[in-house]
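Grab a coffee and work through these exercises on strands, charges and salt bridges. Try each task yourself before reading the solution.

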Amino acid sequence: MATSQITSSLRNLPAFERFQPSTLRFPSAGHVRIGTLTQTSFPSFVVKAATVVAPKHTTVKPLGDRVLVKIKDAEEKTAGGILLPATAQGKPQGGEVVAVGDGKSVGKSKVDVSVKTGLQVVYSKYAGTEVEFNGSKHLILKDDDIIGILETDEVKDLKPLNDRVLIKVAEADEKTAGGLLLTEATKEKPSIGTVIAVGPGPLDEEGNRKPLSVAPGNTVLYSKYAGNDFKGKDGSDYIALRASDVMAILS
């Protein structure tokens with residue numbers, strides 16, 4: 001169907017009466033002209049291709065045990081000062097708490113959210129729902145998806161929340177048993193490390209905290225593919241995971 005026919009067909013439909021044509025590229029179809037919503041028809045929506053970006057609002061009030069975090073901008077440079085292209089910039093896992101819910105009920109107890117507005121936090125990589133308002137990207141996520149509070153640029157200063165544990169990963173072996181040097185790509189990911197900090201523990205059925213079975217200084221064996229990995233300023237590797245992913249204490 002010709003471009004003019006597509007545009008004409010869209011305009012004849014009631015739902016598309018106030019669309020204005022714009023051009024989008026599709027790899028297999030060349031140039032196709034479709035409509036985008038005008039500001040006068042739906043002022044709070046932005047349409048990009050087939051994806052509708054969440055409506056822009058001036059305030060968002062989280063409910064229950066949910067937290068609203070303003071996402072920290074992605075790093076544009078490496079530690080050595082090399083400029084990163086957009087495709088190589090890591091997805092941020094931290095930001096500032098800007099609003100919190102009223103908490104949740106556990107048994108007969110009312111449990112407040114474990115963070116307060118103004119704190120800098122680190123959260124699970126794929127947690128929450130991203131929203132955009134006031135020109136900034138935010139994330140709405142559950143209190144339990146927040147790994148910990150981090151008020152500095154040093155990962156080792158992370159204060160884990162709930163049942164989270166911060167571990168400094170043991171260095172990978174540089175050589176095989178036969179003495180051959182290993183490259184970074186062939187070094188096996190270690191699953192042993194030293195506990196740096198622990199959270200206050202999970203909630204029991206009555207809303208009380210249950211202390212964790214590991215403590216700072218313990219050498220532990222943990223599940224190989226669990227948790228969230230972080231790189232310290234000194235080049236050391238850290239991992240934050242749930243206490244249930246710690247399999248044993250080594251001595």
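Four exercises with worked solutions follow.

This is a predicted model, in which local features need pLDDT of at least 70, side-chain atom pairs count only at pLDDT 80 or more, and totals for chains, interfaces and linings use all residues. Residues are numbered from 1 along each chain as its sequence is written, and side-chain values use heavy atoms, with hydrogens and water left out.

**Exercise 1. Lay out the seven-stranded sheet and find its edges.**

Step 1: get the terms straight. Strands are DSSP runs of E with at least two residues, numbered from the N terminus. Two of them pair if DSSP finds at least two bridges between them.

Step 2: write down the order. The open sheet runs β10-β11-β5-β6-β9-β12-β13, with antiparallel pairing.

Step 3: pick the edges. These are β10 (129–133) and β13 (159–160), since each pairs on one side only.

Step 4: zoom in on one pair. β5 (residues 66–71) and β11 (residues 136–142) are joined antiparallel by five bridges. Across that pair, Arg 66 faces Lys 142 in β11.

**Exercise 2. Work out which strands β16 pairs with, and which of its residues are covered.**

Step 1: take the β15 side. β15 and β16 run antiparallel with three bridges, and Thr 194 has Thr 219 of β16 as its bridge partner.

Step 2: take the β19 side. Here β16 and β19 (residues 246–250) make an antiparallel pair over four bridges, with Tyr 222 opposite Val 246.

Step 3: recall that side chains in a regular strand alternate between the two faces of the sheet.

Step 4: sort the residues of β16. Val 220 and Tyr 222 are on the covered face, while Thr 219 and Leu 221 are on the uncovered one.

**Exercise 3. Track down the positive surface patch and place Arg 209.**

Step 1: set the criteria. A patch takes residues with over 30% relative accessible area and no salt bridge, and like charges are joined within 9 Å. Areas come from the Shrake-Rupley method with a 1.4 Å probe.

Step 2: list the members. Arg 66, Lys 104, Lys 142 and Arg 209 make up the positive patch.

Step 3: place Arg 209. It sits in the loop between β15 (192–198) and β16 (219–222). Its relative accessible area is 33%, so Arg 209 is partly exposed (buried is under 20%, exposed over 50%, partly exposed in between).

**Exercise 4. Go through the salt bridges and say what they connect.**

Step 1: fix the cut-off. A side-chain nitrogen of Lys or Arg must lie within 4 Å of a carboxyl oxygen of Asp or Glu. A search of the whole structure gives six salt bridges.

Step 2: start with Lys 61 and Asp 102, whose closest N and O atoms are 3.8 Å apart. Lys 61 is in the loop between β4 and β5 and Asp 102 in the loop between β6 and β7, so the pair ties together parts 41 residues apart in sequence. Lys 61 is exposed at 51%, and Asp 102 is exposed at 53%.

Step 3: move to Asp 144 and Arg 242, which meet at 2.8 Å, N to O. This pair links the loop between β11 and β12 to strand β18, 98 residues apart. Asp 144 is partly exposed at 33%, as is Arg 242 at 24%.

Step 4: add Asp 163 and Arg 164, with closest N and O atoms 3.8 Å apart. Asp 163 is buried at 14%, and Arg 164 is buried at 4%.

Step 5: join them up. Through shared partners, Asp 144, Asp 163, Arg 164 and Arg 242 form one network of salt bridges.

How values were computed:
Patches are made of residues with over 30% relative accessible area and no salt bridge: like charges are joined within 9 Å, nonpolar side chains (Val, Leu, Ile, Met, Phe, Trp, Tyr) within 5 Å. Lys and Arg count as positive and Asp and Glu as negative; His and the chain ends are not counted. The place of a charge is taken as NZ of Lys, CZ of Arg, CG of Asp or CD of Glu. Buried means under 20% relative accessible area, exposed over 50%, partly exposed in between (1.4 Å probe, protein chains only).
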